[in-house]
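Good morning, and thank you for the time on the agenda. I would like to take the group through one model, from its overall build to a few individual residues.

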Amino acid sequence: MLLALAQPAWSQTTAGDQAVTLSTVVVTGNPLGSDALASPSTVIEGKDLDLRRAATLGETLNGLPGVSTTTYGPMVGRPIIRGMDGDRIRLLQNGVGTLDASALSYDHAVPQDPLSTERIEILRGPAALLYGGNAIGGVVNTIDNRIPMDPIEGVHGGLQGSYGGANDDRSGAVQLEAGNGKFALHADAFGRKTGELRIPGYARSDRQRAIDGPDVEQPRDRLPNSDGSASGGALGMSWTGDSGYAGLSYSGYDSDYGSVAEDSVRIRMHQERLGLAGEIRDLKGPFKSVKASFAYTDYQHKEVDDGETGTVFKNRGYEARVEARHADLGPVQGVLGLQLGNTRFSALGSEALVPTTRTQSAALFMLEEWTVDERFKLSAGGRLERTTLSPSAGGNERFTDVGKRDFTAKSFSLGGVYKLTGVWSLAANVAYTERAPTFYELYANGPHEATGQYLVGDAGLNKERAYSSDLALRFKEGPHHGSVGVFYSRFANYLAETGTGRFRNDDGDVVAQGDDDALPEAVYQGVPAEFFGFEADGTFRVFERGGHALDLKLWGDYTNARNRDTGEPLPRIPPLRLGIGLDYSHGPWSAGASVERAFAQHRAPDNELPTDAYYRLDASAAYRFKMRGMQWQAYLRGINLTNQTIRYATSVLRDVAPEGGRAVMVGIRGSF
C-alpha cells in the first residue's frame, strides 16, 4: 500500500501552503464533537481516498496503522483491525450497521463499493460503548452524504473513472446534488468490471504445491475465476435548516464475482437499503440536541455452482439509533442513547449451514466528557445491551435440537487526553467489553463449499469478555505530526474458528481425508486469549522552499495474538509491517513513493502454513487543473512495481490465491 498516501486526514496541508491547516473532526464514536479523541482514529477522504481506492473496502484501508484485510480474491476484502476480524469489527454506513453477510464467511463481500464513498473513518480498539459488542475490535464507518445534512445551493456534482490494476479494473462513478438552501437532492451511480487477476508465477505457494503432489494441475500467471463486476446507485433528499435536518435515501447494490477457491462457483449479490436520518439542534431544557438514524436492509446473495443455485443467503432487518445530548453540567457534557435492531438471517439450499435465525437487540448507552482544564479531558461511559437469538430448523434435521438464547452484555470505558505541551499529547483508554455470540457461532452445522470447510458451532457458548487498554503519544507541529501507541486486550472467552484436523462429508459424517466430499472441519469454541502490539506513524517535512515541499513518512505496526492456556498462536494474524515513503508536491503537481516490508509470519497454528516476507514498492503522481468550469485531478499509480509474490497472512486462501502482480492504474476525477 502506498505509504505516502496514508496520511491522517486531520493534517490536510498542501505543498507550499503550510498556513492552511484543516482540523478534521471525527464523527464516528464522537457524538460530542471533540477535536481530539482518546481512541486511536484515522480519517481518509479527498485526494488520499482517491489514490487509495480499490475494489474492496478492506484493500482500500489495508496498510493504515493497525488495519489489514481479509481477502478471497480481488473482489472480496473486509477490514481487520489489530488482528480482529468478522463480528468483532463493526461496519457502518453513515453511522448505521451494514446488515450484510460479510462477517459470516470470508468469501462474502461487503456490499459497499469505495467508489460511492466520500469519507471513511476508522476507530481502532474497543468502540463497543456506542456500537455494541461486535465493535470490540474497532469500527469502520463509510460516509456518502446520500442524505445531505448541510444546505445545498445550486447544482453541484462530480465524476470519476479509472482503468488498470492487475485485474484490468474498469470503474466509473457520477454524483449530482442540487438544492435551494432548504431542500436538497442527491443522486449517484457507479459501476466496476474486472478481469482475472494477473499474478507473479504460480497461484499456489511452494509449500502447498509440495502437499498437492506432481499430479495436480497448477494454475499460474492468472488467478482462475477471479473476475467480477459491481454496480449500484442511490437517490436521497433532505430538508435542511438552521436548527437541523431531516431526510431519507434509497440505494441499491449488485455484484457478481467468482470464488477463487472453486473454479465453478460464482456469487451473485443484491442489496437494497432505505435510510432515514435527522437532527434537531438548539433545544431548550434538559437536552441540547437529538439525533436519530434508521436503516432497513434487504440483502441476498446466491452461490451458483456450474450455473445452478446451491444456496441462497438472505438477511433482512433494521437498525435504529437515537442520541440525545443533554445540557452541560458545568464542565461536563454528555449524550444518552438508545439502539434497536431486528434481523432475520436465512441460508436456504444445499449449503444451509445455519438455521433461519431472528436476532433482536436493544441497548442503552451513555457517554460523558469532563474538561478538567485546558490541558486535560476525561471521558467515561457505559452500555447495557440485551440480545435474543431465535432459530428455526425449517425442517432441516441438522438444526432440530437448537434453541433460543438470550444474552445481556455490559460494557464500560474510561479514557483521557492530556496535552503535555503545545506539540505533544498523551491519550489513554481502558475498557471492559462483553459480546454476545452470533447465530453462526452458536448454530453453524453444515458444509460451505465456497470456503472448503465444514463449519460447526456450539449452542452452549457464553459471552465473549475482554479487558482492553491502549496508550499513545501524539505530536503535531505545523506539517509534522504522528503517533506512537501500544495496546493490550485480554479475553476470558475469545470465540475462535479453529480447525480440528478432522474431515466431514456433506451429510456431516466424519470421514478420512481424500474421501468424496471430504471437507476439513472448523469449530467455534471459546478460548482464553490475549492480543498486544504497537502502531506508529509519522510525517516530517524535510524540505520546503519556493513552493516545493517534501515529506518523509514512516509507519509500522505489529500484533501478537495467542491462546493464553496453550501459548498457541491464533489464526490469521498479520505480521510485523514497516514502511517508509516520500511525498512531494509543488503547485498542482504531487508525487509519492513508498516501500513496505511485511515480515514472515511463522506464528501460525499447527494446521496452518506460515507466510513468507515480502517487499512492496508503490508510487503515484497526480496533477490538478481546471477545464470548462470544472476542477480536475488526473493521477497515475504504480502498484507492486517489483512484481513481488504477496500472500497476506490474514487470508484463509493465502496458499491458494496470492495478491496481484506488477500493475499500473490511471484515473481522473472532476467536480463542479
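I shall begin with the fold as a whole, then turn to salt bridges, surface patches and backbone angles.

Please keep in mind throughout that this is a predicted model. The protein chain contains 34 strands and five helices. Its radius of gyration is 24 Å, close to the 26 Å that the globule rule gives for 672 residues, so the chain is as compact as a globular protein of that length. Along the principal axes, the C-alpha atoms fill a box of roughly 70 × 55 × 50 Å. Of the 672 residues, 58% are buried.

Let me move to the charged pairs. As general background, side chains of opposite charge can pair when their charged atoms come close. How many salt bridges does the structure hold? The count is 41, and I have chosen three of them for discussion.

One is the pair of Arg82 and Glu535, with a distance of 2.8 Å from N to O. Arg82 sits in the loop between β3 (79-81) and β4 (89-93), while Glu535 belongs to strand β28 (residues 519-545), so this contact ties together parts that are 453 residues apart in sequence. Are these two residues buried or exposed? Both Arg82 and Glu535 are buried.

Another is the pair formed by Glu464 and Arg435, whose closest N and O atoms are 2.9 Å apart. Here the connection runs from strand to strand: Glu464 lies in β25 (residues 464-477) and Arg435 in β22 (residues 424-435), so the pair ties together parts that are 29 residues apart in sequence. Glu464 has a relative accessibility of 0% and therefore counts as buried. Arg435 is buried as well, with a relative accessible area of 1%. This pair also belongs to a network: salt bridges that share partners join Asp87, Arg88, Arg435, Glu441 and Glu464.

The remaining example is Glu385 with Arg383, whose side chains meet in a salt bridge at 3.2 Å, N to O. Glu385 counts as buried because its relative accessibility is 12%, and the cut-off for buried is under 20%. Arg383, with a relative accessible area of 5%, is likewise buried.

I now turn to the surface, beginning with a nonpolar patch. Phe183, Leu185, Met237, Leu248, Tyr250, Leu274, Leu276 and Tyr296 together make a patch of about 670 Å². Which elements give two or more residues to the nonpolar patch? They are β10 (183-194), β14 (244-258) and β15 (265-280). Leu276, one of the patch residues, is placed in strand β15. Its relative accessibility of 36% means that Leu276 counts as partly exposed.

A further leucine deserves mention here, namely Leu235 in strand β13 (residues 228-241). Leu235 is exposed, with a relative accessible area of 57%. How far apart are Leu235 and Leu185 in sequence and in space? They are separated by 50 residues in sequence and by 7.7 Å in space, C-alpha to C-alpha.

The surface also carries a negative patch, formed by Asp507, Asp509, Asp515, Asp516 and Asp517. Among these residues, I would point to Asp507, which is found in the loop between β26 (480-504) and β27 (510-511). With a relative accessibility of 63%, Asp507 counts as exposed.

Finally, a word on the backbone. Most residues other than glycine have a negative phi. Against that background, two residues may be worth inspecting on the screen.

Asp221 is not a glycine, yet its phi is positive, at about 75°. Where does Asp221 lie? It is in strand β12 (residues 220-223). At 42% relative accessibility, Asp221 counts as partly exposed.

Asn643, also not a glycine, has a positive phi of about 55°. Asn643 is located in the loop between β33 (630-639) and β34 (663-671). Its relative accessibility is 30%, so Asn643 counts as partly exposed.

To summarise, the predicted model has 34 strands and five helices, and it holds 41 salt bridges. Its surface includes a nonpolar patch of about 670 Å² and a negative patch made of aspartates, Asp507 being one of them. Thank you for your attention.

Methods: Residues numbered from 1 in each chain as written. Predicted model: local features only at pLDDT ≥ 70, side-chain atom pairs only at ≥ 80, totals over all residues. Heavy atoms only, no water. Patch = residues over 30% accessible without salt bridge, like charges linked within 9 Å, V, L, I, M, F, W, Y side chains within 5 Å. Areas by Shrake-Rupley, 256 points an atom, 1.4 Å probe, with all protein chains shown as cover. Salt bridge = Lys/Arg side-chain N within 4 Å of Asp/Glu carboxyl O. Lys, Arg positive; Asp, Glu negative; His and termini not counted. Charge placed at Lys NZ, Arg CZ, Asp CG, Glu CD. Helix = DSSP H or I, 4+ residues; strand = E, 2+ residues; numbered from the N terminus. Buried < 20%, exposed > 50% of the residue type's maximum accessible area, 1.4 Å probe, protein only. Rg over C-alpha atoms; globule rule 2.2 N^0.38 Å.
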